[in-house]
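Visitor: I've got this model open and I'd like a close look at one part of it. Could you take me to one helix and then work outwards from there?

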Amino acid sequence: MINVKGNKVIGGITSDIFTCKLDDEEMNNKLIEQIDLQGDRQNHKTNVKATMTEWNMMSKPGFDVFSNKLLEIVNEVTKTKYKLSLDHKITSIWGLKYKSEQETTEHSHWPAMWSTTYYINPPSNASSLYFPEFDYYIKPENGLLVIFEGWIKHSVPKQSFDGDRYVVSANIDHK
């Protein structure tokens, strides 16, 4: 079931944040394994000041299954939000592993149509995803998928926590 959060007018445009839960432990284990295998390929040179894989992980184990599920859900969100049947493509997909006090600075994914964040077994006190234009925080939960329009600014504030905060993010456009 897809839930709608936010629904705020920003710059004359009504925007929503969509969430749903995925339950696929095998996929999650493969995603974590691939994130750990990749290590930090970006050297903290992006907005993400944590371990970050390469940008195009679509064909890697776990990411392949996740990509297919993600496209199905984004197609449904587009039908719900815009009343359009569009075929979408993932333009980039990457994995992240945050340690305590690591952050992502405020940014957007424009010109991507959609951006997503997916959480895998986050520590109970892990950093939230923050949308400053909404003044809205989303606390990570295992299997939580967050979908939002690519132009919406977001960040992950520094916070102390125990363990690893695993995330898969993607940008999506229509074909």
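**Helix H2 and what surrounds it**

Guide: Let's begin with charge, before zooming in. The chain carries 20 positive and 23 negative side chains, and the centres of those two sets sit 3 Å apart. Keep in mind that this is a predicted model.

Now the overall layout. The chain has two helices and eleven strands. Reading from the N terminus, the order is β-β-α-β-α-β-β-β-β-β-β-β-β. The radius of gyration is 15 Å, close to the 16 Å that the globule rule gives for 175 residues, so the chain is as compact as a globular protein of that length. Along the principal axes, the C-alpha atoms fill a box of roughly 40 × 35 × 30 Å. Of the 175 residues, 50% are buried. The accessible surface comes to about 8300 Å², with 47% of that belonging to carbon and sulfur atoms. As for contacts with a separation of 6 or more, 75% are between residues 24 or more positions apart.

On to the helix itself. H2 covers residues 63–82, and at 1.5 Å a residue those 20 residues should span 28 Å; the end C-alpha atoms are 27 Å apart, which agrees. Which of its residues are buried? The list is Phe63, Phe66, Ser67, Leu70, Leu71, Ile73, Val74, Val77 and Thr78. For contrast, try Glu76, which is also in H2. Glu76 has 39% relative accessibility, so it counts as partly exposed, given that buried means under 20% and exposed means over 50%. Glu76 and Leu86 are ten residues apart in sequence, and their C-alpha atoms are 9.4 Å apart in space. Just after H2 comes Lys83, with a positive phi of about 60 degrees.

What does H2 touch? A good residue to follow is Leu145, in strand E9, residues 144–149. Leu145 is buried, with a relative accessible area of 0%. Setting aside neighbours within four places in sequence, Leu145 is in contact with Phe66, Leu70 and Ile73, among others, and those three are on the list of buried H2 residues. The contacts of Leu145 also include Phe18, Thr19 and Cys20, along with Thr116, Thr117 and Tyr118. Strand E6 runs over residues 114–120. For a sense of distance, take Lys60: Leu145 and Lys60 are 85 residues apart along the chain, and their C-alpha atoms are separated by 19 Å.

Leu86 leads us on to the C-terminal strand. His174 is in strand E11, residues 165–174, and, leaving out neighbours within four places in sequence, His174 is in contact with Leu86, Asp87, His88, Lys89 and Met113. At 43% relative accessibility, His174 counts as partly exposed. From His174 to Trp114 is 60 residues in sequence, but 9.2 Å in space, C-alpha to C-alpha.

A little before Trp114 there's a backbone detail to check. Trp110 and Pro111 are joined by a cis peptide bond, with omega at about 15 degrees. Pro111 lies in the loop between strand E5 (104–107) and strand E6. As background, most residues other than glycine have a negative phi, and most peptide bonds are trans.

Two more positive phi values turn up in loops. His44 has phi near 60 degrees and lies in the loop between helix H1 (25–38) and strand E3 (51–52). The relative accessible area of His44 is 34%, so this residue is partly exposed. Asp135 has phi near 50 degrees and is found in the loop between strand E7 (129–131) and strand E8 (136–138). Asp135 is exposed, with a relative accessible area of 55%.

Last stop: Thr51, in strand E3, which links back to His44. Apart from neighbours within four places in sequence, Thr51 is in contact with His44, Gly39 and Asp40, and also with Gly95, Leu96, Lys97 and Gln102. Thr51 and Gly95 are 44 residues apart along the chain, with their C-alpha atoms separated by 8.3 Å. Thr51 is partly exposed, at a relative accessible area of 22%.

Conventions:
Residues are numbered from 1 along each chain as its sequence is written. This is a predicted model: local features need pLDDT of at least 70, side-chain atom pairs count only at pLDDT 80 or more; totals for chains, interfaces and linings use all residues. Side-chain values use heavy atoms; hydrogens and water are left out. Helices (H or I, at least four residues) and strands (E, at least two) are DSSP runs, numbered from the N terminus. The radius of gyration is taken over C-alpha atoms; the globule rule is 2.2 Å times the number of residues to the power 0.38. Buried means under 20% relative accessible area, exposed over 50%, partly exposed in between (1.4 Å probe, protein chains only). Contact means heavy atoms within 4.5 Å. Accessible areas come from the Shrake-Rupley method with a 1.4 Å probe; for residues, only the protein chains shown count as cover. Lys and Arg count as positive and Asp and Glu as negative; His and the chain ends are not counted. The place of a charge is taken as NZ of Lys, CZ of Arg, CG of Asp or CD of Glu. The expected span of a helix is 1.5 Å times one less than its number of residues.
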